[in-house]
Amino acid sequence: MGLLSVRGWLRALFGVALGLAAGAVWAQGSAEREWTVMVYMNAKNNLEPFALSNFHSMAAVGSTPKVSVVAQLGRPSTFRYTDEDGNWSGVYRFLVNKNSKPRPEQALVDVAKSGDSTDMGSPLALKQFIQWSKKTHPAKHYMLVIWNHGQGWRFQLAANNALKRQAVRAALTKQEMDTVPPTTPAVGGYRAVSSDDDTGKILYNREVQEVIAAEFAQSKLDLLGYDACLMAMLETAYGVAPSVNVMVGSQELEPGSGWRYSTWLDKLVAKPGMGVEDLSKAVVESYRQQYLDEYLTTLSAVRLSAIAELAKSLSDFSNGVRQVGDAELQALRKARASVLAYGASVVPPLRTSVDLSALLKAYETNSKNAALKTKSAKVRADLAKAVISNYASSRSQYPDGETPYGSEGLAIYYPESSELFYKDYFHEGYLKKNTDRPVDFVQKETWADLLYQLLEI
């Protein structure tokens, strides 16, 4: 090899080294980065196959110098649901690049070896993931997606043949089912997300709220997304409103396949200067395109700056109904009986949360009190101002001749009866006297006081 050839080879090698170094700098942080999308993927439960599929969906787009997609992915050790993507267990952190694989050898961090918490049902693990993400991938804007079970169970539906094969492999005999740890997040007054079957822990909404408040004390988290069931509730939005600009979540149960990340990440990567409300609309529209009218599916984006006024008008309405007495209480009970609760389609059915707007529309039909009907309409108007974008399949809305769900953007806690309220293992979370992980909406507003009268508890 001649001297010029050697120099050319060295120059090329030096160029590759510079490229790798530049890539490392990009991975670790750039002041020019617009967005860092942080996905907290707790698959340490029966959603394991779907987490892998969702990771591949993210990797179909991947990170760019302007947009980083980072994920903390946990897989169970006590009971496994799939052997795909390396058949590993544990918790790892990834920078999701185009065509990345969810395998330990491609991870940036082995969380156990780093000394951080691997209990993905704990607030400490969430806090450490956010801190790591902000330190290693600083950006002008942050999105946090909490991926897991919400206050219910995802439908085990298959969006494509690959997931169908995974679902078949995950099918278990009765004897095998007896050995599976119960994945049963709280459904009730406390509300929770992210169940870790290895530890038996769940992440309470109050804990999510406190972690976000601490980690985004100087500047609000731009977008909080729940790729989980039943999270689009007024109570949930109220708790995080002081620390978050926009929340995206589902009023209904989610299919097992959850969100299709590639379709909205593709839009963000193409337009990294996208604002938070436009990004939230892209997530909702992606979900609409994914499910259309096939299932009972909903997703909404909520402007949290409007939540305080919405809660205030609901408290005003609640106080009015309480003061008037039996006739209006009965009108609201009749309204509750005329709308379906989310999760009503599963066995056993869930009967604790209903669409707030549908409930109030039914109340206005039943009521003869003009003043209270005006207050009710004010609540609905304020709710409409809060909803940036809303998708609901046709069956999840107001289908002709059927009991409606409504699905106009936010649900509220209203159990079907006092019996169901007390059967809820976590019902104490909806009591004003509760001091354990208190629900701010319950403590500070008066819907709970009205609920006690409605249920006669």
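**Exercise 1.** Which residues in helix 4 meet which residues in helix 7?

*Solution.* Keep in mind that this is a predicted model.
- Start with the helix 4 side: Pro123, Leu126, Lys127, Ile130, Gln131 and Lys134 make the contact.
- Now the partner side: helix 7 brings in Glu207, Val208, Val211 and Glu215.
- Sort that contact by class and you get five nonpolar, one polar and four charged residues.

**Exercise 2.** Work out how helix 4 and helix 7 are oriented: roughly parallel or roughly perpendicular?

*Solution.*
- Grab the geometry: helix 4 (residues 123-136) and helix 7 (residues 205-215) pack at about 30°, and their axes lie 10 Å apart.
- Angles under 35 degrees count as roughly parallel.
- Therefore helix 4 and helix 7 run roughly parallel to each other.
- As for handedness, their crossing is right-handed.

**Exercise 3.** Do the analysis again for helix 12 and helix 17: what is the packing angle, and which residues meet?

*Solution.*
- Helix 12 (residues 326-337) packs on helix 17 (residues 447-455) at an angle of about 90°, with 10 Å between the axes.
- The window for roughly perpendicular is 65 to 115 degrees, so that is how helix 12 and helix 17 sit relative to each other.
- From helix 12 come Leu329, Leu332 and Arg333, and they meet Trp447, Leu450, Gln453 and Leu454 of helix 17.
- The class tally here is five nonpolar, one polar and one charged.

**Exercise 4.** Find the buried residues of helix 9 and say what covers them.

*Solution.*
- In helix 9 (residues 261-270), the buried ones are Tyr261, Ser262, Trp264, Leu265 and Leu268.
- Their cover includes strands 1, 2, 5 and 8, along with helix 2 (48-59) and helix 10 (276-291).

Note on methods: Residues are numbered from 1 along each chain as its sequence is written. This is a predicted model: local features need pLDDT of at least 70, side-chain atom pairs count only at pLDDT 80 or more; totals for chains, interfaces and linings use all residues. Side-chain values use heavy atoms; hydrogens and water are left out. Axes are lines fitted to C-alpha atoms, for helices over the stretch in contact, and angles run from 0 to 180 degrees between N-to-C directions. Helices (H or I, at least four residues) and strands (E, at least two) are DSSP runs, numbered from the N terminus. Angles under 35 degrees count as roughly parallel, over 145 as roughly antiparallel, 65 to 115 as roughly perpendicular and the rest as oblique. Contact means heavy atoms within 4.5 Å. Ala, Val, Leu, Ile, Met, Phe, Trp, Tyr, Cys and Pro count as nonpolar, Asp, Glu, Lys and Arg as charged, and the others, Gly among them, as polar. A crossing is left-handed if the near helix is turned anticlockwise from the far one by less than a right angle, and right-handed if clockwise. Buried means under 20% relative accessible area, exposed over 50%, partly exposed in between (1.4 Å probe, protein chains only).
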